[in-house]
Amino acid sequence: PIIGQDFLFKQMILENYQKADNVEALINISNMGRSSFFTKFKIVFGMTAKCWIVKQRNRRILDEAMRPDVTVKELMVKFMFDSQVNFTHYCKQHFGCTPKQLIEHYRIENQ
């Protein structure tokens, strides 16, 4: 029964994390208490919810950056960054380069 509960929890997270802007939204969707949610999340995913969400967001940004026709502005809008400065700061922090360099890197790599 415990494995079944873990599976259902994981399924719920995977189906809803893109709809949630943050961990609080995921907690609300889960209908669990905060501490129960964090404990269950750590057991099922092996990391904190915040770390996992950032990792998923970064993966989605990279997936979009690989599109041959994508622009920095499109990425910024799609991932809800309120300014190019914030998006540039985020990319430098998480990818070690600017959004433009990220896109150019994947364009060169995929040619």
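This short report looks at model confidence, the largest pocket and one pair of packed helices.

**Confidence**

The structure is a predicted model. Its protein chain has an average pLDDT of 91, and 95% of the residues reach at least 70. Among the elements of the chain, the lowest mean pLDDT belongs to helix α1 and the highest to helix α6, as the table shows.

| Element | Residues | Mean pLDDT |
|---|---|---|
| Helix α1 | residues 2-16 | 85 (lowest) |
| Helix α6 | residues 84-95 | 97 (highest) |

**The largest pocket**

If you turn to the empty space, the largest pocket has a volume of about 370 Å³. Its lining is made up of 16 residues, and those that lie nearest the centre are A20, D21, N22, I53 and R57. Helix α4 (residues 49-65) gives the most to this lining, contributing six residues. By character, the lining of the largest pocket holds eight nonpolar, three polar and five charged residues.

**Helices α2 and α3**

Now for the helix pair. Helix α2 (residues 23-30) packs with helix α3 (residues 34-45) at an angle of about 100 degrees, and their axes are 10 Å apart. Angles of 65 to 115 degrees count as roughly perpendicular, so α2 and α3 are roughly perpendicular to each other. On the α2 side, the contact is made by V23, E24, L26, I27 and S30, while α3 brings R34, F37 and F38. The residues of this contact of α2 with α3 divide into five nonpolar, one polar and two charged.

Conventions: Residues are numbered from 1 along each chain as its sequence is written. This is a predicted model: local features need pLDDT of at least 70, side-chain atom pairs count only at pLDDT 80 or more; totals for chains, interfaces and linings use all residues. Side-chain values use heavy atoms; hydrogens and water are left out. pLDDT is the predictor's confidence in each residue, from 0 to 100. Helices (H or I, at least four residues) and strands (E, at least two) are DSSP runs, numbered from the N terminus. On a 1 Å grid over the protein atoms alone, a cavity is a set of points where a 1.4 Å probe fits but cannot get out, and a pocket is an open set with protein on both sides within 12 Å along at least five of seven lines; lining residues have an atom within 4 Å of a point. Grid points are joined across faces, edges and corners, and a volume is the space filled by probe spheres set on the points. Ala, Val, Leu, Ile, Met, Phe, Trp, Tyr, Cys and Pro count as nonpolar, Asp, Glu, Lys and Arg as charged, and the others, Gly among them, as polar. Axes are lines fitted to C-alpha atoms, for helices over the stretch in contact, and angles run from 0 to 180 degrees between N-to-C directions. Angles under 35 degrees count as roughly parallel, over 145 as roughly antiparallel, 65 to 115 as roughly perpendicular and the rest as oblique. Contact means heavy atoms within 4.5 Å.
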